[in-house]
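Colleague: Please take a close look at one helix packing and the aromatic rings. Keep it brisk.

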Amino acid sequence: MQRTPEPELMETPSQVKAYADADFSKSDSMVVKGLEKYLKELGKNLNKSDLILDVACGPGNISERIAINWPYVKVIGIDGSRQMLIQAEESLKENFLKNLTYQLIEINSIATCKQYFPLRADVLVSNSALHHFHSPCKFWDALKKLGKKRCIHFHRDLIRPSSIEKAIEIKEKYLSNSPEILKKDFFASLKASFTVDEVNQQLVNAGLSQFEVFQVDELYLEIIGLV
Ligand SMILES: C[S@@+](CC[C@H](N)C(=O)[O-])C[C@H]1O[C@@H](n2cnc3c(N)ncnc32)[C@H](O)[C@@H]1O
């Protein structure tokens, strides 16, 4: 199936609300577990001088989990959608975490240097972010600017199914009881996602060929590495 990009930012209030209300807990916990495992493999113990950036954090579902898991580490969630960050701040009011903050940042502008981001991360994490980018090279270029030297990367994203029929099957399998707006967004995301081969090529083009890309299951791929 050919890739069909979807809008980058998620800004429609009803779309943001449906996304924030959805239960992604199973997949979200895999991000924290996966990062934990990778840090262990690297022999890296995070300490209070470290900074983790959750890139394209959306309503903060994963930023919160990271901040809870590493309470002594500073965590910043960044996203270009004001509406998403309003949701994230709302959730933080109910569940205050002193090590977590959010910043409104459009990520393409970091790649093109229009927006200066003074903080440099020790760890860069993203989930369901890469497929939103119309030019994935901008995503990778921005990440290179956001990380310190030897920054640890852990990224997880959807895999594009082989056919439209398979995408419909996956949508029904995973979201059969979800609101229509969420199903529509999920379907658009499946069509906008990349294959493992495409991500490998993006990494070569970005000078990040040392990163590893692997398929986790029928829905997700993971990308890990140091730069
Ligand atoms: C599917 S959500 C993922 C949210 C969260 N990471 C999660 O896993 O639940 C994708 C997020 O990427 C953000 N996004 C997409 N393109 C962006 C860009 N160019 N700059 C900043 N944020 C962007 C959207 O606004 C949205 O909040």
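Modeller: The helix contact comes first, then the ring pairs.

This is a predicted model, where local features need pLDDT of at least 70, side-chain atom pairs count only at pLDDT 80 or more, and totals for chains, interfaces and linings use all residues. Residues are numbered from 1 along each chain as its sequence is written, and side-chain values use heavy atoms, leaving out hydrogens and water.

Helix α1 spans residues 13-21, and helix α4 residues 82-94. Helices here are DSSP runs of H or I, at least four residues, numbered from the N terminus. The axes of α1 and α4 come within 9 Å and cross at roughly 40°. Axes are lines fitted to C-alpha atoms over the stretch in contact, with angles from 0 to 180 degrees between N-to-C directions. The two helices are therefore oblique to each other (neither under 35 degrees, nor over 145, nor 65 to 115). Contact means heavy atoms within 4.5 Å. On α1, Pro13, Val16, Lys17, Tyr19 and Ala20 make the contact; on α4, Gln83, Met84 and Gln87 do. These residues divide into five nonpolar, two polar and one charged (Ala, Val, Leu, Ile, Met, Phe, Trp, Tyr, Cys and Pro are nonpolar; Asp, Glu, Lys and Arg charged; the others polar).

Now the rings. The whole structure holds four aromatic pairs (ring centres within 6.5 Å; planes under 30 degrees apart are stacked, over 60 edge-to-face, the rest tilted). Tyr19 pairs with Phe24 in a tilted arrangement, 4.8 Å centre to centre and 45° between the planes. Phe139 and Trp140 sit 5.0 Å apart by ring centres with planes at 80°, so that pair is edge-to-face. Phe133, Phe139, Trp140 and Phe211 form one aromatic cluster.

Conventions
Rings of Phe, Tyr and Trp (its six-membered ring) pair if their centres lie within 6.5 Å; planes under 30 degrees apart count as stacked, over 60 as edge-to-face and the rest as tilted.
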